[in-house]
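Please open the model in your viewer and keep a selection panel at hand. The stops below say what to pick next and what is to be found there.

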Amino acid sequence: MSDYVIPDPEPKEIDEQLSIELRHLADNAVLKAKPQGDERCDNCLYYLENTAEISYCWHQKLRILVGGEWWCQWWEEIAE
């Protein structure tokens, strides 16, 4: 048997960098974890998979995973 011990997980430099970048995005986006009335991510034009609980938002100012119940100021109605 091997004496190898799996080290405790630690964030890498890239994790810290991404955390800072995403925090700036969230701060600038007024990204909220609650819907704004009937406006929520899963009925927004930019929500990629409107049947998924979590999906990719392809708005140029975000481009991150968001929850279907979330909301941001760039919410846009889906044209019918």
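Begin inside the protein, where the structure holds one cavity of 30 Å³ or more, a cavity being a set of points, on a 1 Å grid over the protein atoms alone, where a 1.4 Å probe fits but cannot get out. Grid points are joined across faces, edges and corners, and a volume is the space filled by probe spheres set on the points; on that basis the largest cavity has about 70 Å³ of space. To see its walls, select Leu31, Cys41, Cys44, Tyr46, Cys57, His59, Leu62, Trp71, Cys72, Trp74 and Trp75, which line this cavity, lining residues being those with an atom within 4 Å of a point.

Two remarks on the basis of the tour belong here: this is a predicted model, in which local features need pLDDT of at least 70 and side-chain atom pairs count only at pLDDT 80 or more, while totals for chains, interfaces and linings use all residues. Residues are numbered from 1 along each chain as its sequence is written, and side-chain values use heavy atoms, with hydrogens and water left out.

Next, select Arg40, Asp42 and Glu69, which are joined into one network by salt bridges that share partners. A salt bridge here is a side-chain nitrogen of Lys or Arg within 4 Å of a carboxyl oxygen of Asp or Glu, and the structure holds two of them. Between Arg40 and Asp42 the closest N and O atoms are 2.6 Å apart, whereas between Arg40 and Glu69 the closest N and O atoms are 4.0 Å apart. The latter pair links distant parts of the chain, with Arg40 in the loop between α1 and β1 and Glu69 in the segment after β2, 29 residues apart. Asp42 counts as buried because its relative accessibility is 18%, while Arg40, at 26%, is partly exposed, as is Glu69 at 46%; buried means under 20% relative accessible area, exposed over 50%, and partly exposed in between, with a 1.4 Å probe and protein chains only.

Move to the loop between β1 (54-57) and β2 (64-67), where Trp58 lies; strands (E, at least two residues) and helices (H or I, at least four) are DSSP runs, numbered from the N terminus. Trp58 is partly exposed, with a relative accessible area of 38%. Arg63 is found in this loop as well, and although Arg63 is not a glycine, its phi is positive, at about 55°. Its relative accessibility of 48% makes Arg63 partly exposed.

From Trp58, extend the selection to Leu45, Leu48, Ile54, Tyr56, Leu65 and Ile78, which together with Trp58 make a nonpolar surface patch of about 650 Å². Patches are made of residues with over 30% relative accessible area and no salt bridge, like charges being joined within 9 Å and nonpolar side chains (Val, Leu, Ile, Met, Phe, Trp, Tyr) within 5 Å; the areas come from the Shrake-Rupley method with a 1.4 Å probe, and for residues only the protein chains shown count as cover.

Finish at helix α1 (residues 13-29), whose 17 residues should span 24 Å at 1.5 Å a residue, in agreement with end C-alpha atoms that are 24 Å apart; the expected span is 1.5 Å times one less than the number of residues. After α1 comes Val30, whose phi is positive, near 50°. Within the helix, select Ile14, which is partly exposed at 45%.

Notes
On a 1 Å grid over the protein atoms alone, a cavity is a set of points where a 1.4 Å probe fits but cannot get out, and a pocket is an open set with protein on both sides within 12 Å along at least five of seven lines; lining residues have an atom within 4 Å of a point.
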